[in-house]
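Okay, thanks for coming, everyone. I'll keep this short: a bit on empty space, then a bit on rings. Here's the structure.

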Amino acid sequence: MKIYAAVLKLRLLIGMQYRAAALAGVATQFFWGFISIMVFVAFYEFTTVTPPISLKELITYIWLQQAFLAFVMLWFRDNELFDLITSGNIAYELCRPADLYGFWYAKLLAQRLSSALLRCYPILIVAFFLPKPYNMTFPPNGTTFLLFVITLLVGLLLLVAISMFLYISVFVTLSPMGSLLIFGVLGEFFAGLIIPIPLMPLWLQKIAYVLPFRWTADFPFRVYSGHIAQTEALIGIFIQLGYLIGLLWLGKLALNAVLKRVVVQGG
């Protein structure tokens, strides 16, 4: 565990150095946040039925999505790992005295943590002081906030476990493009990052509730606003942990399987 903790700490410190890139990302996320909110404000103004999630909850949902985008986006990728696999330099990784799955998992986790830490504070601070209806609101109480923090962190661990399958698949396809398309588009859609899951048709909601993606974004964001009750949130945490354990186990099995058949530089 000391090896993985050291990798996590080192990569976290490296990632915290890219402040200029983070500021550029903050500006982009503010732009998309405002665009999304304006679309939904117009939609709510002219709707003839009562939406399943209030406008205030939805706006908070969008700002949380933008603030913690590095925690929830599936298209966030490490091109260095892709190059290692496709170029044959994976041989150097196999020489390390550490489990490859745990080593990569710690690295990917640190990258997302450092990116989120640099970007989330400016977005959250400004979002709270925006005029209505564009402002973000506080959670209903302290217990709800604590549940949000737990669900967000477990969701992050779950998302890294999901993203590991992206890199594992490149051992077979030797190209990340197809996997990025599948994981990035379908995964983020069913995570509620394009359309919040309560606003989806019922048949799509049923699919989203079966897949693990919603537990990384939609679930913690709706816990924060109180749209998901505290009792349901507690049950959801156990479901998150179940998905996490299962995907970690499957991912490790899958990586070990492809490593047994890997061919490096034709040898």
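**Cavity and rings**

So, by our rule we get 1 cavity of 30 Å³ or more. Keep in mind that this is a predicted model. The largest cavity holds about 40 Å³ of space. Two elements each give two or more residues to its lining, α4 (69–72) and α7 (100–128). Of the elements, α7 contributes the most, with 3 residues.

And who's in that lining? You've got Q29, A67, L69, A70, M73, S115, A116 and R119. Sort the lining by type and you get 5 nonpolar, 2 polar and 1 charged.

Right, on to the aromatics. There are 14 aromatic pairs in the structure. Take F43 and Y44: their ring centres are 5.7 Å apart and the planes sit at 70°, so we call that pair edge-to-face, the cut-off being over 60 degrees. How buried or exposed are the two partners, F43 and Y44? Well, F43 is partly exposed, at 44% relative accessible area, while Y44 comes out buried at 13%, because the buried class means under 20%.

There's also a cluster: F68, F71, F145, F148 and Y224 are linked by ring pairs.

Last thing, a charge over rings. Look at R214: its charged end sits over the ring of Y209, 4.1 Å from the centre. R214 also lies over the face of W215, and there the distance to the ring centre is 4.4 Å. So that's one arginine, R214, placed over the ring of Y209 and over that of W215.

That's me done, happy to take questions.

Conventions:
Residues numbered from 1 in each chain as written. Predicted model: local features only at pLDDT ≥ 70, side-chain atom pairs only at ≥ 80, totals over all residues. Heavy atoms only, no water. 1 Å grid on protein atoms, 1.4 Å probe; cavity = no way out; pocket = protein on both sides within 12 Å on 5 of 7 lines; lining within 4 Å. Points joined across faces, edges and corners; volume = space filled by probe spheres on them. Helix = DSSP H or I, 4+ residues; strand = E, 2+ residues; numbered from the N terminus. Nonpolar A, V, L, I, M, F, W, Y, C, P; charged D, E, K, R; others polar. Phe/Tyr/Trp six-rings, centres within 6.5 Å; stacked < 30°, edge-to-face > 60°. Buried < 20%, exposed > 50% of the residue type's maximum accessible area, 1.4 Å probe, protein only. Lys NZ or Arg CZ within 6 Å of the ring centre and 35° of its normal.
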